[in-house]
Every structure is written in structure tokens, then in C-alpha cells.
Amino acid sequence: MEDGVLTNEVSVDGVQDGDEYLPLGERPVVLKFGGTSVGKLLKAVEAAASIKPSKESTDYNIIISTLQAEHVDAARCVTSPEISQRFRTSVASEFDDLRRILDAVPKSGTVDPHTEDRVVSVGEKLSSLLLAALLEDKGVPSQYVDLSDIIQFPVPDYLSQKFYQDLSSAFGQHLSQHREKVPVITGFFGRIPGGLVQSLGRGYSDLCAALVAVGLQATELQVWKEVDGVFTADPRKVPTARLLPTLTPHEAGELTFYGSEVIHNFTLQQCVPRIPIRIKNVLRPHSAGTIIQPDPPKSIDQYKALRPKRPTAVTVKQKITVVNVHSNRKVDSPEFLARICTILARNSLAVDLFEKNECHVSLAVHSKDTTVRTTHGGEERFQTHADFLQKAVSELEEYGVVDVVHGMAILSLIGTGLKRSIGIAGRLFTALGDNNINIEMISQGASEISIACVIEEREAHRALNVVHSDLFTYLD
């Protein structure tokens, strides 16, 4: 199913308290579902914008016709002729609009962000229409809700927390109008500067679900995926990985940062600490999943006494490049370090780990985006990680000798209280050393709850299993 949001029945009346919308009565549960149609729609956009279609490219009309047939075919699950016909009519209307959008795309080889957003939003509308029809057919009063025009207030160029607060308030007020039915909501919520997909990434629908939950003061936000929840390691790579019943927000954030696709950071920032987030499996709905909620407050003595037996999880972030700058001057001046980081940021390179001594700086970096759309002389171009890295290295050479190590990965241990646990770091490095896995960089201190090191990417799978066996499976 395409990215979208479903809330349970909201039988409430609403009042205004300052700028915050406060629903009364039963607090709802918000459920967020995701899907795979986005990829097909983006291919249609690329085909529509193609200057000279290649032999491998597909006419966008073929893609659209195939998608339309798939959605009409899905309507066979709806037994009511009236509901089925209403759904088919809505589907035909959406695809007519989609064809008009794609017909208007200039054959320049590029697509502006807002056109891309409009195309992607069609997939969400179609899936939400289908789900609303299925619920209604099963006797559940439901209402399809399109949030494309929800933003009726000034939007700043920089999306501040004030913007998100205004948006969640708008969601709450709008959805109160559907309190007699289950609202089935699109994850797409309208036009913002730079485009929704370009500005927030594919995770914007997670953010939408979080803002809906905040606007309705939900008891819980459920994010439904195709996994049971969050594990001690990636279960596809580590057979002995175990499901984690709970996570703290900081643990979830660190896991997301270091490679585990737990949940979009924007979602955590908006929901926590007011609303817990539960990750559940669409294929195993009766599984409890993993719930992300803050730990109960502890006294100072309890906090100091907290020494975990084992970390919470281990994860690997791949496609890392290590950049070493060997300078003939001292590198501990704030100005020098600021210039290094500015160069990397200007070239879309994000710094994951950092270490230095008197005349040497090492940085583990990754590209923020695999491909970045840029403008040069009025012409749009696409630049890759390699392009940005080469440009950054040439700028960094002004400050010293630069060497680059490709094909690296960051292995991280995550866990609340990890910094206070005696011997965990030693066991990590001993486990890697005993198995002849070399460590390029080590980092602890930037975070209270993580220990990270850089290893060769080709050793990442083996390292993950070695560390999990030593620190999770056999650690008493």
C-alpha cells in the first residue's frame, strides 16, 4: 500500500486553546502504512521528461495504464457494486489528472520538485481511496481525506518547529470534521519550498503521521512495516538477532543514524515524549512489535547505578569514505576545523565520525544523497557522490596532504548507559581483533549511548555476526 495514514474513529468535539487544537473524548490511535508504488510513479516522471528515450526506457503511458489496471483489478475485493463503482470513478479521475500532469512535463530531461510531488501524491490518493472503499465495504464507516491543500498559512523558506506546530494544529482541526468515521489520510500534505520529496525525503509520510498523532493527541502512533519491529541486529544478516520489545527515543535515533531503518528522525522529534511510537508487522498483526517511549524518570543515584549487561543493538552503516587531512600546522584551532567541515558540507558530504591529533584530522563521511540535482549556468545537472568527493578533496588540499580510503563501513554498538558499562568497549575491540578485523577509526564520547568504529566494508557482514555472538548471544 502507498504511504498513507489511517486513524481509528475519532468521536470528539474540538476546542481551541491558544494555538493548540485539543480534541476531547476518546483519544485515537494513528496507524501509518507504506508501500512500493512510489518507484513506479517516479519512473513514469523520468520517462515523461526523457529527451531521447533509450531502448530500455518505457513510455510513461504504458506505466500509467499498467498502474490503472492494477488498481481497477484490486477493486474486485469490494463486494458492494455501489462502493466499487464509486472507487472506479475516483481512480479514473486521478489517472486522467496524472496524464495531464505528465503530458505537461517539458522534454528537458529534468523535472521540477513540485511536479515530482504531484505525481508521487497520486499513488497515495489511489491507495487511500482503495483502503477507504475496503473498510466501508466491510461495514466500517470510513472517509477518504486528501491533505494536498491542508496548508493554508504562510510557509517559511526554512521549515522551523513553528511550521510543524501550525501544521499539526491544522491536521487536528481538519480531521475533527470526520469524527463520525475512520479517516483514511494521504501522507502527502501539500506544497512546501523546494518540494516535499526533495526537502524531507521519502520519509515525509512518517512525519505526516507523527503530526497527525500530535494534532489529535493520539494515545499511540503505529508504523506498520514488513518486519516484526526492531531487532538486536539486522535479522536478514544475523540469524540469532532478537526482537526488542522496547527502545528509548535516543536509541532509536542512534540506530537510524548508524544505518538501521528504524524510523524517520523527524517522526521521533515530533512525537516524543508525548506520544509513544509502535513498530508493527503488516504480515503478523498480532505480534506486539517494538514500542519507542522514554524511560521513566530516574533519581541521580539510580542513573549512576545503571550499568547495562549488554548493549541494546549493533548496526552497520555502509558506503563510508574516510578522508584524512595531514596538515603542517596545528589542527586544533576552531577556525581550521570549521573550514574543513564547511568544505564537506558545501559538497553534500555528511560527517559521521571525527578524530584528530595535533597535525592530523580523519573524517568518516557519506553522501547525503546518492544523486543531487544542481544548477550550473541556468542548466540543471545531476552530480554523484564521487563528483562531490573529488571537488571536496581538491579544496581540502589547500590545508594539507589529503588521502581518501574508500569501501569502509561504520560498526556501532547502541544502548542506554553504554558509556557507563565497564568492559563493553574492550569486548567489542577484542572480538574484532580475535577475528582479524582491522579497525580504521574509533569514536566514543560524542554520544552517551553509542560506541562506533570504522572497518572495511567487505568485513561488515562478518563483523556484525562476530560482535552479536560475543556481546549479545553469549554475554551473561
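Among contacts in this protein between residues at least 6 apart in sequence, 74% join residues at least 24 apart. Keep in mind that the model is a predicted one. The protein has 476 residues, and buried residues make up 50% of them. Its secondary structure comprises 14 helices and 18 strands. About 23,200 Å² of the protein is exposed, and carbon and sulfur atoms supply 51% of that area.

**Strands around S7**

A good place to start looking is strand S7, residues 220–225. Of its 6 residues, 5 are buried, so S7 is mostly covered. On one hand, S7 pairs with S4 in the parallel sense over 5 bridges; on the other, 5 bridges join S7 to strand S9 (residues 277–281), again running parallel. Leu221 of S7 takes part in both pairings: Val30 stands opposite Leu221, and Ile277 is the bridge partner of Leu221 in S9.

**Strand S11**

Strand S11 spans residues 313–326, and 11 of its 14 residues are buried, so the rest of the structure largely encloses it. S11 pairs with strand S16 (residues 401–414) in the antiparallel sense, over 11 bridges. One of the matched positions is Asn324, whose bridge partner in S16 is Asp403. For those who like cation–ring geometry, the charged end of Lys317 sits over the ring of Phe257, 4.5 Å from its centre.

**Aromatic rings**

How many aromatic pairs are there in the count? The count comes to 8. Two of them are set out here.

| Pair | Geometry | Centre to centre | Angle between planes |
|---|---|---|---|
| Phe33 and Trp224 | stacked | 5.8 Å | 25° |
| Phe171 and Phe189 | edge-to-face | 6.2 Å | 80° |

The stacked pair, Phe33 and Trp224, links distant parts of the chain: Phe33 belongs to strand S4 (residues 29–33) and Trp224 to S7, 191 residues apart. Both Phe33 and Trp224 are buried. This ring contact therefore joins S4 and S7, two strands that also pair through 5 bridges.

The edge-to-face pair also links distant parts of the chain, with Phe171 in helix H5 and Phe189 in the loop between strand S6 (182–186) and helix H6 (196–200), 18 residues apart. Are these two rings buried or exposed? Phe171 has 0% relative accessibility and so counts as buried. Phe189 is buried as well, with a relative accessible area of 0%.

Ring pairs also link Phe153, Phe163, Tyr164 and Phe266 into a cluster.

**Helix H5**

Helix H5 covers residues 161–175; its 15 residues reach 21 Å from first C-alpha to last, close to the 21 Å expected at 1.5 Å a residue. Its buried residues are Phe163, Tyr164, Leu167, Ser168, Ser169, Ala170, Phe171, Gly172 and Leu175. An α-helix has 3.6 residues a turn, so residues three or four places apart point the same way. Among the buried residues of H5, Phe163 and Tyr164 are also members of the ring cluster.

**Ile101 in helix H3**

Finally, have a look at Ile101, which lies in helix H3 (residues 81–103). Its relative accessibility is 12%, so Ile101 counts as buried. Leaving aside residues up to four places away in sequence, Ile101 touches Thr115, Arg118 and Val119. Ile101 and Glu116 are 15 residues apart in sequence, and their C-alpha atoms are 9.7 Å apart in space.

How values were computed:
Residues numbered from 1 in each chain as written. Predicted model: local features only at pLDDT ≥ 70, side-chain atom pairs only at ≥ 80, totals over all residues. Heavy atoms only, no water. Buried < 20%, exposed > 50% of the residue type's maximum accessible area, 1.4 Å probe, protein only. Helix = DSSP H or I, 4+ residues; strand = E, 2+ residues; numbered from the N terminus. Pairing = 2+ DSSP bridges. Expected span 1.5 Å × (residues − 1). Phe/Tyr/Trp six-rings, centres within 6.5 Å; stacked < 30°, edge-to-face > 60°. Lys NZ or Arg CZ within 6 Å of the ring centre and 35° of its normal. Contact = heavy atoms within 4.5 Å. Areas by Shrake-Rupley, 256 points an atom, 1.4 Å probe, with all protein chains shown as cover.
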